[in-house]
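Visitor: I should be grateful for a close look at one helix of this chain and at what surrounds it. Please then set that part in the context of the remaining structure.

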Amino acid sequence: MVLKSCPFKNVFNSFNHTESISPMSVSNSMRSVLFVLVILFSNEMNLYAADKTDRPNVLVILVDDLGYGDLSSYGAKDLKTPQIDKLIRRGMKFTNFYANCPVCSPTRAALLTGRYQDMVGVPGVIRTHPENSWGYLAPSALTLADVFQQAGYHTGIIGKWHLGLQSPNIPNKRGFEFFQGFLGDMMDDYYEHRRHDVNYMRLNQETITPLGHATDLFTHWTRQFLQQQASSDKPFFLYLAYNAPHTPIQPPEESVEKVLKREPGIDLKRANLVALIEHLDSGIGKVIRTLDESGLGENTIVVFSSDNGGQLNVGANNGNLRDGKQSVYEGGLKVPTGIFWNNRIAPRSQSDFMAMSMDLFPTVCEAAGIKIPAGLDAVSFLPTLKGKTQPPLRKNWFFRRREGGTRYGGKTIEAVRSGNWKLLQNSPFAPLELYNLKEDPLETKNLADTNRKMFNQMSALLRAEIQRYGSVPWQKPALPAHD
């Protein structure tokens with residue numbers, strides 16, 4: 001063990017001159033010194049133990065575009081995800097968990113800041129080309145990594161960042177001490193790791209050219225990180241962001257062959273997506289095994305979730321929910337989520353308590369004994385994880401996304417939910433729609449024309465929130481003018 005500092009220096013210094021002290025005085029002095037040493041050493045050991053043992057590690061696993069029905073534990077019949085299912089069984093399964101947005105960047109911004117994405121300048125997808133990029137992470141936004149780093153944790157991100165391509169909006173400038181992964185939005189090829197012919201793979205701020213399937217790389221790097229942390233005197237916060245099963249749907253060939261052999265009647269498009277998900281499942285299993293084998297699993301909070309619903313046109317399954325990725329219908333927002341923490345969260349527990357991506361921020365902070373920063377939109381659901389009852393996290397829930405192209409024209413789509421009621425506009429060029437999710441969970445009966453009182457109430461809520469979002473810019477600040 002290496003102590004971070006020696007608290008005994010002043011005690012030893014005070015004992016430097018003993019020539020004029022009697023033998024009895026020396027004996028008494030030695031006893032006093034030894035007593036002080038024992039107390040100080042015990043305190044130092046307690047601090048050390050608090051660093052490593054009492055303070056939980058945190059591992060947040062976020063996958064990309066995984067449909068609500070694309071795990072066997074969430075009802076899929078044509079795929080097998082034993083590792084993710086096992087992860088979820090070790091703790092609490094959520095059946096009513098929502099992504100902040102139906103696309104990538106905004107949900108990631110919300111998760112890492114505990115704010116609605118518009119309030120940190122990321123209403124849409126951040127991309128390579130500025131004319132098609134719809135967000136800029138606010139310089140003032142405090143990230144989970146900032147908070148955990150300030151609390152003495154080692155902070156790392158492995159995998160997909162997607163919140164900026166240049167400093168200061170890169171991981172190492174936003175609280176992460178360690179980064180090994182991909183800065184950009186998506187890879188055009190899981191093996192070549194390029195986007196628009198640009199290499200966004202980084203080890204911290206160094207460009208790298210690793211060989212292999214991206215899922216395998218992120219898995220391998222995570223296992224290395226965990227093995228290193230096993231001998232560290234600091235707890236860790238690790239954000240593992242896989243880019244699977246995002247397009248391109250490019251699983252290893254042997255994974256596809258395995259699926260086709262097992263499911264002979266399956267559609268080829270679906271078979272490829274199933275293979276990509278099963279390959280991801282295998283990687284997550286290796287990560288959790290490494291966590292356990294390294295001795296870290298006993299005191300690590302593990303979160304598993306997805307950034308949005310599955311993409312239907314590539315074969316995703318969102319269960320019986322309406323629509324999918326890009327949509328503010330339930331299929332674009334509701335995501336499979338599970339959290340385990342040995343001996344703290346009851347295994348095989350399940351909750352229909354409603355929470356969303358950004359609520360993970362204060363939840364893991366509270367679990368780690370870290371003071372929750374002021375001004376968050378998010379609320380901790382740690383009581384629910386511990387099996388206690390708690391009131392709803394908020395009265396009104398907002399979902400929003402900005403996008404370009406002719407389908408959106410730089411405008412937004414949005415939804416607000418209050419109780420059982422949900423008002424949404426799934427196209428900026430279409431009318432608002434109103435649904436009662438208790439009576440109509442599949443959003444089949446639009447009540448906008450038949451319940452004008454509720455329509456007007458919900459519309460007012462949405463307008464007020466849109467006004468609030470208008471206070472935060474979502475483009476890179478202009479450089480100051482020079483005389």
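Guide: Helices here are DSSP runs of H or I with at least four residues, numbered from the N terminus. In this predicted model, helix 4 spans residues 104-113, and the residue that follows helix 4 is G114, with a positive phi near 70°.

The helix itself is mostly covered, ten of its ten residues being buried. Buried here means a relative accessible area under 20%. The buried residues begin with C104, S105, P106, T107 and R108, and continue with A109, A110, L111, L112 and T113. An α-helix has 3.6 residues a turn, so residues three or four places apart point the same way. The cover over the buried residues of helix 4 includes three strands, namely strand 1 (57-63), strand 4 (154-160) and strand 10 (236-241), together with helix 5 (144-150) and helix 10 (360-367).

Two of these covering strands lead into loops that hold a cis peptide bond. P168 lies in the loop between strand 4 and strand 5 (178-182), and the bond joining S167 to P168 is cis, with omega about 10°. P245 lies in the loop between strand 10 and helix 7 (253-262); the bond from A244 to P245 is likewise cis, with omega near 0°. Most residues other than glycine have a negative phi, and most peptide bonds are trans. Positive phi values also occur at H196, near 55°, and at Q326, near 80°. H196 sits in the loop between strand 6 (194-195) and strand 7 (198-199) and is partly exposed, at 37% relative accessible area. Q326 belongs to the loop between strand 11 and helix 9 (330-333) and is partly exposed as well, at 24%.

Before helix 4 in the sequence comes T95, in the loop between strand 2 (92-94) and strand 3 (97-98). T95 counts as buried, with a relative accessibility of 19%. Its C-alpha atom is 5.1 Å from that of D352, although 257 residues separate the two along the chain. Beyond its neighbours within four places in sequence, T95 contacts Y68, K334, Q350, S351 and D352.

Strand 2 pairs with strand 12 in the antiparallel sense over three bridges, and M92 has I339 as its bridge partner. Strand 12 (residues 337-340) also pairs with strand 11 (residues 300-306), again antiparallel and over three bridges; there F304 stands opposite G338. In a regular strand the side chains alternate between the two faces of the sheet. Both faces of strand 12 are covered, with T337 and I339 buried on one side and G338 and F340 buried on the other.

Further along the chain is an open, antiparallel sheet of four strands in the order 15-16-17-18. Strand 15 (396-402) and strand 18 (433-436) are its edges; each has a single partner strand, so one side of each lacks a neighbour in the sheet. The average twist from one strand to the next is 15°. Seven bridges join strand 15 to strand 16 (residues 412-418), and F399 faces A415 across that pairing. Helix 13 (residues 452-469) lies across the four strands, at about 125° to strand 16.

For the chain as a whole, there are 13 helices and 18 strands, and 58% of the 483 residues are buried. Among contacts with a separation of 6 or more, 66% link residues 24 or more positions apart.

Methods. Residues are numbered from 1 along each chain as its sequence is written. Side-chain values use heavy atoms; hydrogens and water are left out. Helices (H or I, at least four residues) and strands (E, at least two) are DSSP runs, numbered from the N terminus. Buried means under 20% relative accessible area, exposed over 50%, partly exposed in between (1.4 Å probe, protein chains only). Contact means heavy atoms within 4.5 Å. Two strands pair if DSSP finds at least two bridges between them. Axes are lines fitted to C-alpha atoms, for helices over the stretch in contact, and angles run from 0 to 180 degrees between N-to-C directions.
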